[in-house]
Structures are given as structure tokens and as C-alpha cells.
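Grab a pencil and work through these exercises with the structure open beside you. Each one sets a task and then walks through a solution.

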Amino acid sequence: MFDLSRSIHNLPRTNKPLRVAVRQLHWFKAAFHSHAMFCGEAMGCEFVVDDIKLAGAFVRWLESIDRQRPKEKEQRRDFFQFAPSLVLRELVGDLPIKATCPPACVDPKSAAAFWPEGYVAATFCLTVYAATMDQEFHLDVHVSQMVDDLRSWWSFRENANEDSNYAAGFFQLLLGNEPNWWMPSNFSARIRSADDDDRAETVISPD
Amino acid sequence: MSPGFAPQTTQLKDALRVLRYTLRKGRDTVRETAPRRLPAPASGMALSALNEIEVLARNVDHFVCNVAHSVLGDSSTNSASLREISVSERPEHAFSVAYYETMKLVLSHLGAKRALVSQSAGRRAFARFAGSHDVFELAAQLTLHLADDGSIAIDKLDDRSPVTRSEANVVAIFAGLLSMLAHSDDAGREAMIFAATELAIALQEKILGLYHKRDVSALASLLERSALHV
């Protein structure tokens, strides 16, 4: 159901590069509102956006990328790919959006109907990310089929309610990457090593 | 309007705004208390008096708006950028106009239902710190000074406001100055002021901490960093 290309075209125009615009609240806010309206029309429901919560998520995201930004230039693209995970974490941690009624134009068993607010937040991050990757690196972003898989969303919502860091890992799954579930919102720990897997098994093992 | 006449017009505008503010405050007080507390005949009289006050308040409101915008108006002053204001012909006056217009929007966005902004206080503050060479340091000094000298009176704040009444002044002034430091060629002035206000709300703990420490340098640094993200 999710149409990335249409969603990208719906983003507000800016004279600045998207990597700059997205770090300015007036554009971030306009883009989020525009995406919420776009999704609302497609889903058959209306969303109310809390601008104060949105600004809070935006500031926490900026602080988080400032803390984690790598010094090495070679890691710039990887960090570009990772940064939207942190946006989703902050949005899901204190959702700035609420559906005023259940979506009328989507399958009741779809991901969008199951968690409309989470769906808007995640697809917003995907949209801005894809538009930025195209502008900066001329790369097409391919979103995993699981974006419309209800079971994945069920797991995402349940886990993210307990720990919003899970949202960062879920975003990486949407991009087809395997996140490090121990520290899904930590850039320097994003690549899981075999040792990590061994340690994970040791911790999980009842022996 | 001659430069020498400008301070007097600013004071006159402020005096008219105080009159309007006081009248609105009185009207609201009568509206909120008298009809409910008085017995039946007196209550009717109070409602009748309230209608009279409503008419008077509306007339004063129109008068103040007309005088402020036409007779005492200054069409040449329309920049809200602190950098541009600093190098303008009459920077104190330009700042006082921009400060007043900006704060009206900031306060309304913060949920201030009834507030008074002193344009003269903005003028005096700018004259005092205009020698500052760094625009962010100037903004930090203005924030501390304007928050302390009662340039804003918030009489009524919405229950759902994200700031408390005691902290609203500092957050509002920081937001106003932040919007004057931010630049955008793809967003309107109002959108920038609202974004600056929302950023200030999100940063209010930091802002208040630096305000209480009187840390000009750290406040200037916060303004500089934040201005990139409005």
C-alpha cells in the first residue's frame, strides 16, 4: 500500500539541501504535517499533530545525532542511513500524532489500520530518508515488504511501547538491514559481530 | 518622522497599549465575577454595565490600532533580522518595533490570553547593549535584560500552555530573539516565529538554567546553535 514515490513528491519544497532542511524545525514540521495529511487522505482518517511534542522529538533527535555523529568522513553515508532510525525512536517515544477516528479506506487487517500513528511516523522517516539519499548520493531506497506486514507491526508496537530504542531497529529492518538488537539506536554498535551473537546466545541460554 | 520624535511616539504607543490592556483586564474581571456573584437585579445591572465596557473596549482597541499603525506608524521599519537591525539607520527604534511585533506572535503561541509588551523597554535595552560586537552575545544580553525589567506582563495564560506563568517571560523572550537570529528564504515570518517558540519550549529547562546562572556566554552559544535549527 505504501507508495514511497508519491510520498516523496508530497514533501514541501525548499531551497536548501534536504539534509539541511530536515534539521530546521520549520521545514521538519511542515513536512510532518504534509505527510500526516497525505496519509490521512489515503487512509480515510484525519490526524491531529501536537507541535509541542513534535518539537520535543526534533530537539532530542538533534541532540542524539550530535552525540553520535562519527568523525570519520568515510562513515558519513552510513550515518546518513542511520540517522532516521533515531528520528523514529524519538517520534515513537512520545507520539506527536493522533488519529481522530479509525481509518476508513484501508483493510482493517492492514498495518496502517492496526497502528495508524506509528505507520505515519515510520513512513515519514522513510520518505525523508529516501528523498535525502536520492539528493545526496543518487541512490534509490528500497523498502522491505515488511512495511505492510501486520505481524511485524504488531511486534514493533509491542516492543517499542516497552523500549522506544526498538523503533530504531525496526527502521533498519524496513531498509532491509539486520540491526543490532542489543543497541539498535547506537551508531557505533550498529554492526553485529559473531562475538555479539555468541554473547547473546549465552545470555538467553537457560544453562 | 524625525529621529528625535521616535522615542516619544514609542512611549505614546506604549501608553495607549497600557490603556487598552487595563480596559480589557477590567472588562474580563467584571465578566468573570460580577454577574455570577451578585443577586438578580444587581446582576442585570452588572451585565448592562459590562455591555457598555465591551463597547468602550472595542472603541479603544480600534483607536489604539489606528493611531499605532497610521499616525504613529513607521512603514520604513520592517526588518526582523537582528543582524539587519544592528546596521540599520535607527537600530533602537527598528529593534523596538520588531521586538513588539515578534513578541505578540510568540506570546499568543505560548497561550498568553492577555499580555502587555513594552516597546519602550525594547528600545532602552537595545540602546544599552548595542555596542556588542557579536550578534549572539547581543541577543543573550537582551534576553537577560528584557526578562528582568518587566518588558512583558502576562496576566492570563491558557491552562494548556506548555510553560508556567513564572517562566513564560524568559522562554518567550528567548524565542523572540531566536526568531530574529534565524534566517529562512522558504518560510514566512510567522512560521519562523512559531518554530522558534516551539524550539524554546523544548529547550526551556536549559534556557531557564542559564538565565538563573546569568551565563551570557552559554546563552549566546545556545542561541547560536539553535538559530541553525529554526
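**Exercise 1. Find which residue with a positive phi follows α6(B), then work out how enclosed that helix is.**

Step 1. Start at the end of the helix: in this predicted model, α6(B) is followed by Gly150(B), whose phi is positive, near 70 degrees.

Step 2. Check the length. Helix α6 of chain B covers residues 135-148, and at 1.5 Å a residue its 14 residues should span 20 Å. The C-alpha atoms at its ends are 20 Å apart, so expectation and model agree.

Step 3. Count the buried positions, using the cut-off of 20 or more other C-beta atoms within 10 Å. For α6(B) that gives 10 of 14 residues, so the helix is largely enclosed by the rest of the structure. The buried ones include Phe136(B), Ala139(B), Ala140(B) and Leu144(B), but also Gln141(B) and Thr143(B).

Step 4. Ask what does the covering. The cover includes α3 (82-86), α5 (119-129), α7 (165-181), α9 and α10 of chain B.

**Exercise 2. Trace the contacts of Leu223(B) and place this residue in the largest nonpolar core.**

Step 1. Skip residues up to four places away in sequence; Leu223(B) then touches Phe136(B), Ala139(B), Ala140(B), Leu177(B), Leu178(B) and Leu181(B).

Step 2. Now look at the core, which has 122 residues. Leu223(B) is among the members that touch the most others, along with Ala139(B), Leu178(B), Leu181(B) and Leu199(B).

Step 3. See who contributes. The largest share of this core, 12 residues, comes from α7(A).

**Exercise 3. Decide how well covered helix α9 of chain A is, and what packs against its buried residues.**

Step 1. Helix α9(A) runs over residues 165-174, and 9 of its 10 residues are buried, so to speak, mostly covered. Among them are Tyr166(A), Phe170(A), Phe171(A) and Leu174(A), as well as Asn165(A) and Gln172(A).

Step 2. The packing partners of these buried residues are α5 (76-93), α7 and α8 of chain A.

Step 3. Take a look just past the helix end: Gly176(A) has a positive phi of about 85 degrees.

**Exercise 4. Two residues that aren't glycine have a positive phi; find where they sit and whether they are buried or exposed.**

Step 1. Recall the background: most residues other than glycine have a negative phi.

Step 2. In chain A, look at His138(A), with a phi of about 50 degrees. His138(A) is in the loop between α7 (116-137) and α8 (150-162). The cut-off for exposed is 12 or fewer C-beta neighbours, and His138(A) has 7 inside 10 Å, so it counts as exposed.

Step 3. In chain B, look at Arg214(B), with a phi of about 60 degrees. Arg214(B) lies in the loop between α9 (204-213) and α10 (216-227). With 10 C-beta neighbours inside 10 Å, Arg214(B) counts as exposed.

**Exercise 5. Describe the side of chain A that touches chain B, then follow Ala195(B) to its contacts.**

Step 1. The contact takes 14 residues from chain A and 15 from chain B. On the chain A side, α3 (25-43) and α4 (51-68) each supply at least two residues, and α4(A) gives the largest share, 6 residues.

Step 2. Sort that side by class: 5 nonpolar, 5 polar and 4 charged residues.

Step 3. Turn to Ala195(B), which sits in helix α8 (residues 189-202) of chain B. Ala195(B) has 29 other C-beta atoms within 10 Å, so it is buried. Beyond neighbours within four places in sequence, Ala195(B) contacts Leu25(A), His26(A), Lys29(A) and Val230(B).

**Exercise 6. Work out how chain B is divided and how its domains meet.**

Step 1. Domain 1 is 3-71 and domain 2 is 82-227. Their centres, taken over C-alpha atoms, are 27 Å apart.

Step 2. At the contact, 13 residues of domain 1 meet 10 residues of domain 2. The domain 1 side has 5 nonpolar, 2 polar and 6 charged residues.

**Exercise 7. Where in chain A is confidence lowest, and where highest?**

Step 1. Chain A has a mean pLDDT of 90, with 91% of its residues at 70 or more.

Step 2. Helix α10 (residues 194-204) of chain A is lowest, at a mean of 46, and strand β1 (residues 47-49) is highest, at 98.

Step 3. Residues 199-207 of chain A have pLDDT below 50, and this stretch has 1 contact beyond near neighbours in sequence. Where pLDDT is low, the predicted coordinates should not be read in detail.

Notes:
Residues are numbered from 1 along each chain as its sequence is written. Chains are lettered from A and ligands numbered from 1 in the order in which they are written. This is a predicted model: local features need pLDDT of at least 70, side-chain atom pairs count only at pLDDT 80 or more; totals for chains, interfaces and linings use all residues. Domain bounds come from an automatic or database domain assignment. Two residues are in contact if their C-beta atoms, placed from the backbone, lie within 7 Å. Ala, Val, Leu, Ile, Met, Phe, Trp, Tyr, Cys and Pro count as nonpolar, Asp, Glu, Lys and Arg as charged, and the others, Gly among them, as polar. Helices (H or I, at least four residues) and strands (E, at least two) are DSSP runs, numbered from the N terminus. pLDDT is the predictor's confidence in each residue, from 0 to 100. A nonpolar core is a set of buried Ala, Val, Leu, Ile, Met, Phe, Trp, Tyr and Cys residues joined through C-beta atoms within 7 Å. The expected span of a helix is 1.5 Å times one less than its number of residues.
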